[in-house]
Amino acid sequence: MPTTLPVPISFRLPEGRLPAPPPEGPDAPGVAFAAVHPVPDAGFTADITVDGEYRPDSATLAQLADESVERLSEVVGAVAVAHRRETIPTGRPP
């Protein structure tokens, strides 16, 4: 069953991604939304998962991203960040 996020969000899926049932189990707690690419590449199915919670501290976006990569690597093994760019929203998404 999907988890409810603590704040409303809106987004558009990248072209070719399809909504999927959120994963369940101890390796995927708190997932609110999931999407997959329907055609695996070399046996790997690209996916997108969305989860969220409030942080009581003043961690920066870069620190939060680093922590996410660390948690993900604990579950799946080696993780490489191919590109990262910090942005500040300037308005509501279209």
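**Reading exposure, ring pairs and strands**

Q: Is Phe11 buried or exposed, or something in between, and what is the relative accessible area of Phe11?
A: Phe11 is partly exposed, its relative accessible area being 44% (buried means under 20%, exposed over 50%, partly exposed in between, with a 1.4 Å probe and protein chains only). This is a predicted model, in which local features need pLDDT of at least 70 and side-chain atom pairs pLDDT 80 or more, whereas totals for chains, interfaces and linings use all residues. Residues are numbered from 1 along each chain as its sequence is written, and side-chain values use heavy atoms, leaving out hydrogens and water.

Q: How many aromatic pairs are there, and what is the geometry of the pair that Phe11 forms with Phe33?
A: The count comes to one aromatic pair (ring centres of Phe, Tyr or Trp, its six-membered ring, within 6.5 Å; planes under 30 degrees apart are stacked, over 60 edge-to-face, the rest tilted). Phe11 and Phe33 meet edge-to-face, with 5.2 Å centre to centre and 70° between the planes. Because Phe11 lies in the segment before strand 1 and Phe33 in strand 2, the pair ties together parts that are 22 residues apart in sequence. Phe33 is partly exposed, at 23% relative accessible area.

Q: Which strands does strand 2 pair with?
A: Strands are DSSP runs of E, at least two residues, numbered from the N terminus, and two pair if DSSP finds at least two bridges. Strand 2 (residues 33–36) runs antiparallel to strand 1, joined by three bridges, and Ala34 of strand 2 is the bridge partner of Ala20. Strand 2 also pairs with strand 3 (residues 47–50) in the antiparallel sense over four bridges, where Ile48 of strand 3 is the bridge partner of Ala35.
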